[in-house]
Amino acid sequence: MQCYVQKVSEMNLAPHHRVYHVAIADDWEASVPFGSYEAATRGVVAGVGQPIRTTSADRLQTVLDERYADLSLQVLVVELSLDALREAGIPLTQDAASGQVGIDAPLPPGDPTIVVRVVRAQRVGERWVAPDFGASAAE
């Protein structure tokens with residue numbers, strides 16, 4: 001079990017203004033008409049103690065390899081703006097050990113200020129390959 005720090009004001013999130021969430025395409029696409037995405041990670045619904053998990057661009061391939069390699073369902077990589085999440089009042093958490101950010105509320109999948117873009121991961125052999133987000137990963 002991971003321990004998450006709840007005090008957003010104490011988080012040192014700069015210069016990483018973007019985080020990435022891996023979603024199963026069917027889950028993400030089904031959430032759009034309802035305006036609320038609530039999957040913390042593969043097979044886990046967000047809730048108390050289970051924030052929606054995100055990762056950095058640098059760790060994205062590791063997450064795909066460790067959590068999704070055996071999954072044959074299409075996966076998406078959702079690029080999120082931390083600034084927009086904060087401005088919308090969506091509570092964020094941060095893992096004390098890893099520094100990874102969690103989102104402690106449902107995501108609004110149709111909000112273009114929060115959801116910067118959604119990219120289908122490509123399956124190459126036995127693994128999903130992380131998209132190259134280029135310059136936006138450093139913003």
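The questions and answers below walk through a predicted model of one protein.

Trainee: How many helices and strands does the protein have?
Mentor: The model is predicted, so treat each value as computed from it. From the N terminus on, the elements run β-β-α-β-β-β-α-β-α-β-β-β-β-β. The count is three helices and eleven strands.

Trainee: What share of the residues counts as buried?
Mentor: Buried means under 20% relative accessible area. The protein has 139 residues. The share of them that counts as buried is 40%.

Trainee: Among contacts between residues at least 6 apart in sequence, what share joins residues at least 24 apart?
Mentor: A contact here is a pair of residues with heavy atoms within 4.5 Å. Take the contacts between residues at least 6 apart in sequence. Those that join residues at least 24 apart make up 74%.

Trainee: Which residues touch the most other members of the largest nonpolar core?
Mentor: That core has 21 residues. Strand E2 (18–24), helix H1 (25–31), strand E6 (75–81), helix H3 (82–87) and strand E8 (101–103) each supply at least two of them. The residues that touch the most other members are Trp28, Tyr37, Leu80, Leu85, Ile103, Leu107 and Ile114.

Trainee: How many residues are in the second core?
Mentor: The second core is separate from the largest one. Its members include Tyr20, Ile24, Val63 and Tyr68. Its size is 13 residues.

Trainee: How are the planes of Trp28 and Tyr37 set in their aromatic pair: stacked, tilted or edge-to-face?
Mentor: Both Trp28 and Tyr37 are buried. Tyr37 also contacts residues including His21, Val22, Ile52 and Pro109. The Trp28 and Tyr37 rings lie 4.8 Å centre to centre, with 55° between the planes. Planes under 30 degrees apart count as stacked and over 60 as edge-to-face, so this pair is tilted.

Trainee: How many residues of E2 are buried?
Mentor: Look at the two faces of E2 in turn. Arg18, Tyr20, Val22 and Ile24 are buried on one side. Val19, His21 and Ala23 are buried on the other. E2 is largely enclosed by the rest of the structure, because its buried residues number seven of seven.

Trainee: Which residue in E6 stands opposite Ile24?
Mentor: E2 and E6 pair in the antiparallel sense. The pairing runs over seven bridges. Opposite Ile24 in E6 stands Val75.

Trainee: What is the phi of Gly99 in the turn between E7 and E8?
Mentor: E7 and E8 pair in the antiparallel sense over three bridges. In that pairing, Gln94 stands opposite Val101 in E8. The two strands form a hairpin with five residues between them. Gly99 in the turn has a positive phi of about 85°.

Trainee: Which residues of strand E7 (residues 92–95) are buried on each side?
Mentor: Both faces of E7 are covered. One side has Leu92 and Gln94. The other side has Thr93 and Asp95.

Trainee: Why are the buried residues of H2 on the same side of the helix?
Mentor: In helix H2 (residues 60–68), Leu60, Val63, Leu64 and Tyr68 are buried. They are on the same side of H2 because they cover an arc around the axis of only 100°.

Trainee: Which residue makes a side-chain polar contact with Thr55?
Mentor: Thr55 sits in the loop between strand E5 (52–53) and H2. Thr55 is buried, with a relative accessible area of 5%. Among its contacts beyond four places in sequence are Val19, Tyr20, Leu60 and Val63. The polar contact spans 3.3 Å and joins the side chain of Thr55 to that of Gln100.

Trainee: Is Ala121 buried or exposed?
Mentor: Ala121 lies in the loop between strand E9 (115–120) and E10. Beyond four places in sequence, Ala121 contacts Gln74, Val75, Leu76, Trp128 and Val129. Its relative accessible area is 2%, so Ala121 is buried.

Trainee: How far apart in space are Gln122 and Leu76, C-alpha to C-alpha?
Mentor: Gln122 is found in strand E10 (residues 122–124). Leaving aside neighbours within four places in sequence, Gln122 contacts Arg127, Trp128 and Val129. Gln122 and Leu76 are 46 residues apart in sequence. In space, their C-alpha to C-alpha distance is 9.0 Å.

How values were computed. Residues are numbered from 1 along each chain as its sequence is written. This is a predicted model: local features need pLDDT of at least 70, side-chain atom pairs count only at pLDDT 80 or more; totals for chains, interfaces and linings use all residues. Side-chain values use heavy atoms; hydrogens and water are left out. A nonpolar core is a set of buried Ala, Val, Leu, Ile, Met, Phe, Trp, Tyr and Cys residues joined through side-chain atoms within 4.5 Å. Buried means under 20% relative accessible area, exposed over 50%, partly exposed in between (1.4 Å probe, protein chains only). Helices (H or I, at least four residues) and strands (E, at least two) are DSSP runs, numbered from the N terminus. Two strands pair if DSSP finds at least two bridges between them. The arc is that of the directions from the helix axis to the C-beta atoms. A polar contact is a pair of N or O atoms within 3.5 Å; within protein, one must be able to donate a hydrogen and the other to accept it, and residues adjacent in sequence count only if both atoms are side-chain atoms. Rings of Phe, Tyr and Trp (its six-membered ring) pair if their centres lie within 6.5 Å; planes under 30 degrees apart count as stacked, over 60 as edge-to-face and the rest as tilted.
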